[in-house]
Amino acid sequence: MTMTLSGTGGVTYPTAAGGTTQTQASSSKVLQVVQATFTSSYTLTGSFANSGFSASITPSSTTSKVLVMVTIPDQRGATGVITYATIYRNGTTNLAGTGAFTSFDNNGNVGWAPAVINYLDSPATTSQITYNVRIAPGTGGYVACVNRTVGSSSAEASGSTITAIEIAQ
């Protein structure tokens, strides 16, 4: 049996007993990409708060999916630093749960590592959607750091990014 993979036609293979070829999965296409970079830096105590960075996209079809990717340079390993983040759609729908990533105390070995969230959304709309990131520190007196280390008053990282990619289905 021969299977054919085509970037435009999808996946096809012949039916049993020599029948005609049938498409089993059609290909997807990237329709648009929106990216925003957030270069401000801050530390946060308390509960989840809007981080200040977001991306807006208007899907061209109600069947489109939107891949949302967030990268936040995050201080890892400093005593007292635990950072949680999540993605909200239009400020009301939490897409990634309560703690999509976390930066744990690592015995004082401070370093930088990107904290990453990827979420494939099915918004079922052709109206504009705004995806924003909310940040929170861990409970118990921790702080959350965005684009800088504890005790610093300036940005020490290249900036956080949020990317929204519309994918045709």
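Trainee: In this predicted model, does A124 count as buried or exposed?
Mentor: A124 sits in the loop between strand 10 and strand 11. Its relative accessibility is 53%. The cut-off for exposed is over 50%. So A124 counts as exposed.

Trainee: What is phi of A124 near?
Mentor: Most residues other than glycine have a negative phi. A124 is a residue other than glycine, yet its phi is positive. The value is near 55°.

Trainee: Which loop holds N90, and what is its phi?
Mentor: N90 is found in the loop between strand 8 and strand 9 (93-94). At 43% relative accessibility, N90 counts as partly exposed. N90 is not a glycine, but its phi is positive, at about 50°.

Trainee: Where is T126, and which residues does T126 touch?
Mentor: T126 lies in the loop between strand 10 and strand 11. It is partly exposed, with a relative accessible area of 42%. Leave out residues up to four places away in sequence, and T126 touches T58, P59, S60, S61 and T62.

Trainee: How many Å apart in space are T126 and I57?
Mentor: Along the sequence, T126 and I57 are 69 residues apart. In space, C-alpha to C-alpha, the separation is 9.4 Å.

Trainee: How many salt bridges does the count come to?
Mentor: The side chains of R89 and D121 meet in a salt bridge. The N to O distance is 2.7 Å, and the cut-off is within 4 Å. The count comes to one salt bridge.

Trainee: Which strands does the pair R89 and D121 tie together?
Mentor: The two residues are 32 residues apart in sequence. R89 lies in residues 83-89 and D121 in residues 111-121, so the pair ties together parts of strand 8 and strand 10.

Trainee: Are R89 and D121 buried or exposed?
Mentor: Take R89 in strand 8. Its relative accessible area is 17%, and the cut-off for buried is under 20%. Both R89 and D121 are buried.

Trainee: Which residues does R89 touch?
Mentor: Residues up to four places away in sequence are not counted. One partner is D121, which also meets R89 in the salt bridge. The full list is L95, D121, P123, I129, T130 and Y131.

Trainee: Which residues have the most contacts inside the largest nonpolar core?
Mentor: That core has 19 residues. Strand 6 (49-57), strand 7 (65-76), strand 8, strand 11 (129-137) and strand 13 (160-168) each supply at least two of them. Those with the most contacts inside the core are V70, I72, Y131, V133 and I162.

Trainee: How many residues of strand 13 are buried?
Mentor: Strand 13 supplies at least two residues of the core. The strand is mostly covered. Of its nine residues, the buried ones number eight.

Trainee: What is the bridge partner of K29 in strand 13?
Mentor: Strand 4 (residues 29-38) and strand 13 pair over nine bridges. The sense is antiparallel. The partner of K29 is A168.

Trainee: Which residues is L67 in contact with, and how many Å separate the C-alpha atoms of L67 and I165?
Mentor: L67 is in strand 7, and is partly exposed at a relative accessible area of 23%. Leaving aside neighbours within four places in sequence, L67 is in contact with Y119, L120, T163, A164, I165 and I167. L67 and I165 are 98 residues apart along the chain, but their C-alpha atoms are separated by 5.1 Å.

Definitions and conventions: Residues numbered from 1 in each chain as written. Predicted model: local features only at pLDDT ≥ 70, side-chain atom pairs only at ≥ 80, totals over all residues. Heavy atoms only, no water. Helix = DSSP H or I, 4+ residues; strand = E, 2+ residues; numbered from the N terminus. Buried < 20%, exposed > 50% of the residue type's maximum accessible area, 1.4 Å probe, protein only. Core = buried A, V, L, I, M, F, W, Y, C linked by side-chain atoms within 4.5 Å. Contact = heavy atoms within 4.5 Å. Pairing = 2+ DSSP bridges.
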